[in-house]
Amino acid sequence: MASKEGPVYQIFSFQDWKTSPDPIFDLPAQCLTTTPAPIVIDNGSFQTRAGWAAPGSELDSPRLLFRSVAARSRGAARSETQIGNDIPNLEPLRWLLKSQFDRNVVVNFEIQELIFDYVFTHLGITSEGSVDHPIVLTEAPCNPLHCRQMMSELLFECYSVPYVSYGVDALYSFYHNNNQRKLQPPHTGIVLSSGYHCSHILPVINGRLDAVNCKRVNVAGSQAASYLQRLLQLKYPGHLAAVTLSRMEELLHDHSYTAVDYHEELEKWRSPEFYEREVHCMQLPFSGKVPGGCVSVEERQERRAQQLRRLQEINARRREEKLQQDQERLDRLMAVQELLEDGLLDHFHKSLVELNMDSAEELQSYINKLQLAVEQGRQKLLHCDGAEGKAEVEQEQPMDEADGVALMDSDFPEDTLPEKPANPVFNMAEYHQLFVGTERLRCPEILFQPSLTGEDQMGLMETLQYVLARYTPEQQEALVSNIFLTGGNMRYPGMKERVERELLAMRPFQSHFKVTMASSPALDAWYGARDWVLEHPPGGGSEGWVSKQDYEEKGGEYLSEHCASNAFVPMKIAKPARPAEPSVTIQTSTEASAAVTMVTSDPTPASSSSSAVTMVTT
């Protein structure tokens with residue numbers, strides 16, 4: 001008869017990666033030219049990537065990759081701030097972590113300045129007071145003008161950079177992959193980007209972002225990690241401290257997937273065979289020492305006897321101390337009574353006051369009680385000495401627990417004795433295991449169904465359908481022919497197949513569409529920015545660059561548009577009209593005609609111009 005074996009699970013261990021501090025690189029020789037090499041910074045809300053845009057195989061990847069966080073306690077000096085990879089483990093310092101982002105928009109420019117200091121220092125820039133290299137920086141889609149103004153002010157005023165170029169990370173990735181696929185510009189398509197805080201639908205028509213129809217979904221990687229943490233903490237309440245946010249991010253990156261058909265996939269998980277085959281058993285770290293787990297009966301009895309002997313010694317010591325204290329108090333009271341017998345009444349009454357007593361009768365009652373207590377204490381000591389001798393004679397016999405308790409003092413707490421382990425063969429490894437089953441697909445699903453976490457908003461594909469409905473059928477055909485997926489939260493296995501299935505149900509019958517996944521969803525934004533810089537170097541009137549002169553003349557919110565940038569919509573601020581002066585000077589006809597010509601050529605509202613003309617002619 002074959003023995004029935006237990007289920008075999010896939011057991012994984014948490015890596016718990018610990019980062020090491022970034023080295024301070026030397027300035028590359030390719031960057032020491034007459035025209036300084038630009039610095040490309042992908043300023044992501046989860047991770048910052050920085051490197052050089054210069055020819056050479058050793059510079060074709062970002063030199064710095066670190067988390068966009070800073071750990072700085074209140075009142076600490078600037079030099080004591082830890083940035084990115086300087087923090088080996090985020091969990092002990094999570095309550096101190098600060099980011100420059102609110103969702104995907106930079107709002108904390110003090111932290112942003114610390115991030116820039118970290119980047120420039122570790123890239124090897126040693127110039128004092130200025131950075132003589134052009135900067136290419138990513139920003140959020142439809143970035144607020146105030147945030148861009150503050151960023152330009154920080155770069156031009158604090159670091160004195162010569163040029164700055166702003167672009168959208170998802171559009172840089174789109175640009176990079178279209179060049180890899182040898183597509184001829186201008187490119188038309190729609191970009192689905194999902195990062196750490198937000199997801200975006202970005203339509204691109206003829207190489208330019210259609211900012212009017214861009215949409216944002218406030219569900220991304222951070223919400224998925226928090227949702228997974230809540231699920232596992234409810235499932236395993238005994239391991240609340242072990243279910244950390246860093247481990248949940250590791251589970252999402254390495255063990256989660258997107259279901260092509262969510263409800264059909266959940267039905268598969270009802271099968272025990274499917275569950276045993278697909279569940280991931282995560283082993284938490286633990287200590288293998290189990291107290292009392294492998295102790296024999298003889299050793300347990302010996303330990304019990306030693307504990308009883310120690311308790312007897314403690315009880316005997318307590319009795320001796322109590323007997324000694326009672327005897328000293330009795331001797332003192334007897335000395336006071338002798339004063340009364342000797343006729344020293346003044347000293348006797350003074351001693352009674354010190355003892356807080358009123359009369360000789362009260363003193364005599366206390367003396368009787370203490371004599372009785374001293375006598376009982378001596379008898380108890382003699383009784384215990386006899387019991388200990390009897391226990392030594394019967395030492396060869398196994399001692400029962402009830403016999404040991406009988407030898408103890410009646411007022412000694414019995415719960416100090418350790419209880420016997422309920423299960424001597426307890427398996428600590430199995431207790432510290434997390435079984436991750438349907439959570440592997442439920443957490444990525446919130447990108448398509450935010451209602452799973454209680455969010456009252458549309459999912460990614462519903463928002464895509466809403467955006468497509470704002471275009472003509474011909475424009476829709478052009479857009480869906482190049483649907484591009486990018487962002488770190490798009491790396492789940494099955495994401496491309498899920499988007500294709502949703503589009504098949506969304507689009508008209510027998511319509512065509514094409515979905516493409518970025519070759520490296522997390523790093524293609526940096527590669528695309530580098531490619532764009534090499535094709536559009538700063539200076540010479542090339543588009544996409546903002547110089548120091550442009551910043552001073554046109555303001556910090558100014559943006560030079562290019563194929564991967566936001567659309568620049570200048571903010572029109574209506575200036576209040578000046579009040580009319582009480583006295584009007586008489587002008588000649590020549591001066592009046594000149595004034596009329598000047599006013600009519602000025603692009604001001606018609607009412608103000610007509611009033612100015614009337615004032616001059618009068």
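A search for disulfides across the whole structure, which is a predicted model, returns zero. Two cysteines may be described individually. C147 is buried, since its relative accessible area is 11% and the limit for burial is under 20%. C158, with a relative accessible area of 34%, is partly exposed.

Let me turn to the chain as a whole. The protein chain holds 20 helices and 20 strands. It has 618 residues, and 43% of them count as buried. About 34800 Å² of the chain is exposed, with carbon and sulfur atoms supplying 53% of that area. If we take the contacts between residues at least 6 apart in sequence, 71% of them join residues at least 24 apart.

I shall now consider strand β16, which covers residues 280-283. What lies on each side of this strand? H280 and M282 are on one side, C281 and Q283 are on the other, and all four are buried, so both faces of β16 are covered. As a general point, side chains in a regular strand alternate between the two faces of the sheet. Strand β16 also has pairing partners. Strand β1, residues 10-13, runs parallel to β16 and is joined to it by four bridges. Within that pairing, S13 has Q283 as its bridge partner. Strand β17, residues 433-436, is likewise joined to β16 by four bridges, but here the strands run antiparallel. In this second pairing, C281 stands opposite F435.

From β1 we may follow the chain into the loop between β1 and β2, where Q30 is found. Is Q30 buried or exposed? Its relative accessible area is 27%, so the residue is classed as partly exposed. Setting aside residues up to four places away in sequence, Q30 touches A54, P55, E58 and L59. One of these, P55, is 25 residues from Q30 along the chain, yet the C-alpha atoms of the two are separated by 7.4 Å.

A further sheet deserves attention. It is an open sheet of three strands, in the order β6-β5-β7, with antiparallel pairing. Strands β6, residues 82-83, and β7, residues 97-98, stand at the edges; each has a single partner strand, and therefore one side of each has no neighbour in the sheet. Strand β5, residues 70-71, pairs with β6 over two bridges. In that pairing, A70 of β5 has I83 as its bridge partner.

Next come the helices, beginning with α3, residues 169-180. How far does α3 reach from its first C-alpha to its last? The span is 17 Å for twelve residues, close to the 16 Å expected at 1.5 Å a residue. Nine of the twelve residues are buried, which means that α3 is largely enclosed by the rest of the structure. The buried residues run from A170 through L171, Y172, S173, F174, Y175, H176 and N177 to N178. In an α-helix, residues three or four places apart point the same way, because there are 3.6 residues a turn. After α3 comes K182, whose phi is positive, near 60°.

Finally, I come to a segment annotated in a record. An unreviewed UniProt entry lists residues 297-336 as a "coiled-coil region". What does the model show over residues 297-336? The chain there is 100% helix and 0% strand, and the end C-alpha atoms are 59 Å apart.

How values were computed
Residues numbered from 1 in each chain as written. Predicted model: local features only at pLDDT ≥ 70, side-chain atom pairs only at ≥ 80, totals over all residues. Heavy atoms only, no water. Buried < 20%, exposed > 50% of the residue type's maximum accessible area, 1.4 Å probe, protein only. Contact = heavy atoms within 4.5 Å. Areas by Shrake-Rupley, 256 points an atom, 1.4 Å probe, with all protein chains shown as cover. Disulfide = S-S within 2.5 Å. Pairing = 2+ DSSP bridges. Expected span 1.5 Å × (residues − 1). UniProt positions renumbered as here; feature names shortened; annotations may be inferred.
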